[in-house]
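User: I am new to this structure and would like a close look at a single part of it, the metal site, together with what surrounds that part. Please keep the account plain and connected.

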Amino acid sequence: MEKHFKNIEVILPPPAFHMVGDGFRVHNFFPSQPKIGMEGMSPFFLMDYGSKWTVPPSDIPKGVGVHPHRGFETVTIAYHGKVAHHDSAGNSGVIGEGDVQWMTAGAGVLHKEYHEKEFSKKGGVFQMVQLWVNLPAKHKMTPAKYQAIENKDMARFLPDDGKSVVEIIAGEYKGLKGPAFTFSPVNMFNAKLIQGAKADFSFNKNFNTGMLVIEGEVKINNSKTASENYFILFGHDGEDIIIEALKDSVILILSGEPINEPIASYGPFVMNTETEIKQAYDDYYNGKFGYLED
Ligand code: MN
């Protein structure tokens, strides 16, 4: 069948990094970059990318202390290093290399995120992505929950070369379904391609679609090249994408149906109206998000 390539809107270099707490050195591709903003990758509202850096050894794990969230989901993907996590719903766990933690904040949760203790003691290379996946208005106040998605739980598509793999975290690829439960249509894959390998994708025209080059270098749609740490934002002209690995590469692929609803966002809350943001702060200060020890 003839391909109708999705047009490439822009290929963005990583913006200057900032620290989240004292442990996460991140580049925010959205919503802070005006070419994407709050809507350009909806239902994905935020992407903090911790590009590869070497964390010095520390007996006290670095990270970010107790804080609330409401109205969306946080999805943390660990590529190098390990993240420990605790929340006020009593969940805790370690996100190991290659694993994903999918936390639905929904009506509200308190959590804290740190480098895992043993990793922190030794130090080492750290690389991660945190996404905020927005929730449709009717699901914003869903009870908080937690999906620990270990690498072995992901569906796997194996291209013909025998060495590449496409891991399906959420959504569907080549008839294989990812393990994540989502509240709106979301596709999230890791394509791990050896040099010379190609992978093709097809997403609904009106879905917002982007890719982050975690490692290596890729050629997109036989035309443009994107290097490590660059983000590719696609337009809405076609459905198809072909990526070719110019080096051994890892690419995070995101595509989802836009949530076309008003967004009111402040700090750790993503709601539909200013009134709901104010309510979130009131509820937080009144202890309605529960309790979590620092
Ligand atoms: Mn958080």
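Analyst: What follows starts at the metal site and moves outward to the pockets, the cavity, the cores and some backbone features.

The model is a predicted one. Its manganese ion is held by four residues: His67, His69 and His111, each through NE2, and Glu113 through OE. The coordinating distances run from 2.1 to 2.7 Å. Along the sequence, the spacing of these donor residues follows the pattern H-x1-H-x41-H-x1-E. Two of the donors show how the site joins separate stretches of chain. His69 belongs to strand E5, residues 63-69, and His111 to strand E10, residues 109-115, so this pair ties together parts that lie 42 residues apart in sequence. His69 and His111 are both buried.

The metal site also leads to the largest pocket. Which residues lie nearest the centre of that pocket? They are Val20, His67, Glu113, Gln130 and Trp132, out of a lining of 18 residues. Two of these names have already appeared, since His67 and Glu113 are donors to the manganese ion. The largest pocket encloses about 250 Å³ of space. Two or more lining residues come from each of strand E3 (24-30), strand E4 (44-55), E5 and strand E11 (124-134). Sorted by class, the lining of this pocket consists of 10 nonpolar, six polar and two charged residues.

The second largest pocket holds about 190 Å³ of space. Its lining is made of Glu172, Tyr173, Lys174, Asn187, Phe189, Asp200, Phe201, Ser202 and Phe203. At least two lining residues are supplied by each of strand E15 (172-173), strand E17 (186-193) and strand E18 (198-202). E18 gives the largest share, with three residues. The classes here are four nonpolar, two polar and three charged residues.

Apart from the pockets, there is one cavity of 30 Å³ or more in the structure. The largest cavity contains about 70 Å³ of space. Of the 13 residues that line this cavity, Ser42, Asn134, Ile259, Glu261 and Ile263 are nearest its centre. Eight of the lining residues are nonpolar, three are polar and two are charged.

The next topic is the packing of nonpolar residues. In soluble globular proteins, nonpolar side chains tend to be buried together. Here the largest nonpolar core has 31 residues, and those that touch the most other members are Trp102, Val129, Leu131 and Met188. A separate second core contains 24 residues, among them Ala197, Phe203, Val213 and Ile243. Phe203 also helps to line the second largest pocket.

Val129 gives a view of the surroundings of one member of the largest core. Beyond its neighbours within four places in sequence, Val129 makes contact with Met47, Asp48, Tyr49, Val75, Thr76, Ile77, Tyr79, Leu212, Ile214 and Leu252. Another residue, Val186, sits in strand E17 and counts as buried, at 5% relative accessibility. With its neighbours within four places set aside, Val186 is in contact with Pro43, Phe44, Trp102, Val133, Ala170, Gly171, Ser255 and Gly256. Trp102 in this list is one of the core residues named above. The C-alpha atoms of Val186 and Met38 are 17 Å from each other, although 148 residues separate the two along the chain.

Pro43, a contact of Val186, brings the account to the backbone. Most residues other than glycine have a negative phi, and most peptide bonds are trans. Ser42 and Pro43 are joined by a cis peptide bond, with omega of about 20°. Another cis bond links Phe30 to Pro31, with omega of about 10°. Pro31 is located in the loop between E3 and E4, and Pro43 is placed in the loop between E3 and E4 as well. Ser42, on the other side of the bond to Pro43, is one of the residues nearest the centre of the largest cavity.

Two asparagines have a positive phi. For Asn222 the angle is about 55°, and for Asn229 it is about 75°. Asn222 lies between strand E20 (217-220) and strand E21 (224-227), in the loop there. The loop that holds Asn229 runs between E21 and strand E22 (231-234). Are these two residues buried or exposed, or partly exposed? Asn222 is partly exposed, its relative accessible area being 49%, whereas Asn229 is buried, at 17%.

Definitions and conventions:
Residues numbered from 1 in each chain as written. Predicted model: local features only at pLDDT ≥ 70, side-chain atom pairs only at ≥ 80, totals over all residues. Heavy atoms only, no water. Core = buried A, V, L, I, M, F, W, Y, C linked by side-chain atoms within 4.5 Å. Buried < 20%, exposed > 50% of the residue type's maximum accessible area, 1.4 Å probe, protein only. Contact = heavy atoms within 4.5 Å. Donors = N, O, S within 2.8 Å, 3.2 Å for Na, K, Ca; no water. Helix = DSSP H or I, 4+ residues; strand = E, 2+ residues; numbered from the N terminus. 1 Å grid on protein atoms, 1.4 Å probe; cavity = no way out; pocket = protein on both sides within 12 Å on 5 of 7 lines; lining within 4 Å. Points joined across faces, edges and corners; volume = space filled by probe spheres on them. Nonpolar A, V, L, I, M, F, W, Y, C, P; charged D, E, K, R; others polar.
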